[in-house]
Amino acid sequence: MKIIAGADIGNSTTEVCLGAISDNGFRFLSEAMVATTGMKGTPANAKGVRVALEQAAEAAGIQVQDIAVIRINEAAPVMGDTAMETITETVITQSAMIGHNPDTPAGAGLAVGITAGLETLQEKPKGEAYLVLIPQSLSYEEAAERINEAAASGYTIAGGIVQRDEGVLIYNRLKEKIPFVDEVKAIEKIPEGKKGAVEVAPDGQTIQTLSNPYGMASIFHLNADETKSVVPIAKSLMGNRSAVVIRTGGEVRAKTIQAGALTAVGERGTVQIPVDAGAEAIMARLSEVAPLISVTGEEGTHVGAMIDGMIRSMKDVSEGISQHSIAVKDVLAVDTTIPVSVEGALAGEVSMENAVGIAAMVKTDALPMRNVAKALSSETGIYVEVAGVEAVMASLGALTTPGAGLPLVILDMGGGSTDAALLSPEGVVKSIHLAGAGQLATLLIDSELGLENRGLAERIKTHPLAKVESMFHIRTEDGLVRFFEEPLPPKLYGKVIILDEDGYLPVESRAGMEKIIAVRRDIKKKIFVTNAVRALREITENLREIKSIVMVGGCALDFEIPAMILQELSRYGITAGRGNIRGACGPRNAVATGLVMSYADGGTRHG
Amino acid sequence: MGNRPSIEVWSRDPRTDWIEEMQAGAEEEGVWMRATQADTGDAGALAQGASRASPLGVGVGVYGGQAMIWVEALHRFNPLLHIEIKTRDQARQLGADAARYVKGTPLKAGE
């Protein structure tokens with residue numbers, strides 16, 4: 001009996017498969033998976049392979065020394081990375097607006113008046129309507145007392161702006177009820193003596209006047225040109241429960257940020273694309289000059305730095321064996337939004353600014369797998385051969401999925417790139433690598449939800465959500481209720497949580513559960529469905545000739561992505577689904593399995 | 001006043017300003033809170049009694065510089081929160097958290 005090992009060294013994981021050849025034929029023994037050690041294509045990978053072999057050997061009840069030959073793949077010389085460019089910015093000048101949506105505003109209605117500090121109101125003339133400014137130096141009882149006294153002595157107080165979270169407390173103690181906006185941290189920045197308006201919408205509603213340019217024109221007596229200039233304020237305040245607008249001479253400016261340009265050299269020409277044109281424009285212009293030869297970013301931009309970094313890393317790894325220069329061969333741009341603190345804000349306002357998320361893929365001729373083979377051989381003392389192109393091995397492995405047939409397309413969705421290969425009945429393989437995969441999805445979830453926590457974003461991507469409704473039960477996103485014997489920790493109460501294997505993680509985000517789910521699904525669609533379609537268009541002329549599409553790789557394990565892709569591709573009458581390698585491994589171990597199988601079969605041509 | 005469904009606060013502590021702060025915290029959150037002076041029991045016993053007396057099933061007991069929120073539904077897993085009151089802001093936040101529990105929204109103590 002001869003024992004063969006196949007080892008697939010990927011960017012993030014190293015997978016091995018063990019098989020045994022005897023007079024009775026061939027059978028699979030076991031498999032294992034570990035994190036890749038070092039960068040893919042370097043001798044450091046050997047250590048990870050050895051650990052995986054030890055695990056697989058133990059599972060098969062043999063020793064590592066019993067292995068006759070180890071086959072490693074001709075790893076795809078591909079690396080992916082991501083970057084984000086924010087392309088718009090909001091600035092409030094001279095405290096012209098407050099739009100932060102405090103938790104507990106008070107009163108409902110529209111109040112128009114001249115701003116005046118409540119402490120010094122007595123110095124002001126009666127006969128004007130005032131919006132009183134209430135700093136934290138005044139307790140809520142004092143504030144209410146003063147307002148009641150002033151009103152009784154003839155002052156007209158239309159509304160109030162409060163520094164502390166005490167709008168309701170003051171409101172409840174007033175003889176005459178008026179609207180209040182509270183939690184305005186930087187109240188001292190509001191100038192006195194200016195005309196302003198406070199609007200608070202009734203429960204469950206949003207403001208109607210200050211989010212309408214004509215509403216503001218009516219209050220502040222604006223002409224047509226002036227009305228046009230308050231449109232950014234109206235836009236910023238749309239959907240708010242409360243707002244304050246003050247005619248200070250300042251304004252709200254929505255600016256475009258200079259985000260540099262991409263230079264794309266393709267077989268059909270060269271084009272320069274400004275990043276602030278947005279993702280749709282970027283993808284359209286790239287396809288005008290496709291197939292791409294090289295894409296570079298501008299110096300000083302995030303995208304430029306990302307591309308430079310990737311090319312340098314790739315050069316380090318493939319030193320000396322590349323015929324052609326290393327270049328970015330594919331880009332996926334996705335429009336997204338990112339919450340950004342507004343400059344000049346008085347109450348910690350955050351605005352959803354436009355951004356473009358970009359994934360790029362760098363490809364070179366080959367990786368020096370012979371170096372890895374040498375290192376692995378001395379590490380284990382076993383004969384190692386570099387066998388077979390990754391795409392071919394992956395396709396062979398995928399074919400072991402029960403129900404799969406030829407022509408077969410394998411869609412490998414990993415962290416840095418989405419790879420596809422077509423295996424024809426004649427045994428010919430065509431492959432392609434695209435930018436945009438798991439890492440881009442995590443980046444976009446992180447930025448759109450304003451998490452500033454890549455680990456949390458990764459977990460939101462891969463786990464379903466639940467809402468903690470009481471100390472003893474949660475309601476999962478599919479509507480089912482789960483009860484607990486022991487109460488949940490108080491710090492989870494009322495929060496949206498992730499159902500992680502290690503426990504329940506709270507999601508600290510202002511977004512409710514429905515919003516987080518919508519963001520998660522939308523991002524997955526924008527990346528994986530888009531790339532599945534892009535990949536298919538590249539590798540086949542006639543979609544309807546394909547019999548099976550088998551999805552493998554880390555993202556094929558995702559609980560939503562395979563279904564989304566199947567939804568889109570079912571229109572073409574293709575069977576598409578998550579692979580089940582050897583009917584046992586799910587979407588893992590395709591390449592390693594293929595390496596073992598091809599030894600038994602004697603190999604496959606690559607066309 | 002009267003019979004509005006309220007969080008009950010039973011206090012043996014002479015410091016009425018802390019009770020006022022708790023009530024302000026709950027009031028700002030829009031939930032009613034009623035305070036009564038008590039004669040016997042420690043903070044835990046007071047909190048338990050208060051939670052039983054409250055139609056919302058939430059009570060606060062205050063004694064000896066300690067304050068705790070007791071929630072009937074938690075049974076033997078009480079108290080929900082337990083603090084040593086040193087500042088008015090702490091008292092304010094405890095009152096707000098008792099109210100937030102009733103509303104089903106995340107607690108300030110969980111931030």
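1. In this predicted model, a network of salt bridges links A:Glu477, A:Arg520, A:Arg521, A:Lys524, A:Asp558 and A:Glu560. The points that follow take up two pairs from this network, then a pair between chains, a histidine and a surface patch.

2. Within the network, A:Glu560 and A:Arg520 form a salt bridge whose closest N and O atoms are 2.8 Å apart. The two residues come from distant parts of the chain, 40 residues apart: A:Arg520 belongs to helix 13 (residues 513–539) of chain A, whereas A:Glu560 sits in the loop between strand 29 (548–552) and helix 14 (561–569) of chain A. A:Glu560 has a relative accessible area of 5% and is therefore buried, the limit for that class being under 20%. A:Arg520 is likewise buried, at 1%.

3. A:Glu560 also meets the side chain of A:Arg521 in a salt bridge, with an N to O distance of 2.8 Å. Because A:Arg521 lies in helix 13 of chain A and A:Glu560 in the loop between strand 29 and helix 14, this pair ties together parts that are 39 residues apart in sequence. A:Arg521 has a relative accessibility of 33% and so counts as partly exposed, whereas A:Arg520 is buried.

4. Over all chains, the count of salt bridges comes to 36. One of them is formed by B:Glu27 and A:Arg173, with the closest N and O atoms 2.8 Å apart. This pair joins two chains, because B:Glu27 lies in helix 1 (residues 16–28) of chain B and A:Arg173 in the loop between helix 3 (167–172) and strand 11 (180–181) of chain A. With a relative accessible area of 32%, A:Arg173 is partly exposed.

5. A:His463 is placed in the loop between helix 12 (454–462) and strand 24 (465–468) of chain A. Its relative accessibility is 10%, so A:His463 counts as buried. The side chain of A:His463 makes a polar contact of 3.0 Å with the side chain of A:Thr462 and another, of 3.1 Å, with the side chain of A:Asp500.

6. On the surface, a patch of negative charge gathers A:Glu119, A:Glu141, A:Glu142, A:Glu145, A:Glu149 and B:Glu20. The most is given by helix 2 (residues 140–152) of chain A, which supplies four residues. A:Glu141 is located in helix 2 of chain A; its relative accessibility is 37%, and A:Glu141 therefore counts as partly exposed. That value fits the rule for patches, which admits residues with over 30% relative accessible area and no salt bridge.

Technical notes. Residues are numbered from 1 along each chain as its sequence is written. Chains are lettered from A and ligands numbered from 1 in the order in which they are written. This is a predicted model: local features need pLDDT of at least 70, side-chain atom pairs count only at pLDDT 80 or more; totals for chains, interfaces and linings use all residues. Side-chain values use heavy atoms; hydrogens and water are left out. Patches are made of residues with over 30% relative accessible area and no salt bridge: like charges are joined within 9 Å, nonpolar side chains (Val, Leu, Ile, Met, Phe, Trp, Tyr) within 5 Å. Accessible areas come from the Shrake-Rupley method with a 1.4 Å probe; for residues, only the protein chains shown count as cover. A salt bridge is a side-chain nitrogen of Lys or Arg within 4 Å of a carboxyl oxygen of Asp or Glu. Lys and Arg count as positive and Asp and Glu as negative; His and the chain ends are not counted. The place of a charge is taken as NZ of Lys, CZ of Arg, CG of Asp or CD of Glu. Buried means under 20% relative accessible area, exposed over 50%, partly exposed in between (1.4 Å probe, protein chains only). A polar contact is a pair of N or O atoms within 3.5 Å; within protein, one must be able to donate a hydrogen and the other to accept it, and residues adjacent in sequence count only if both atoms are side-chain atoms.
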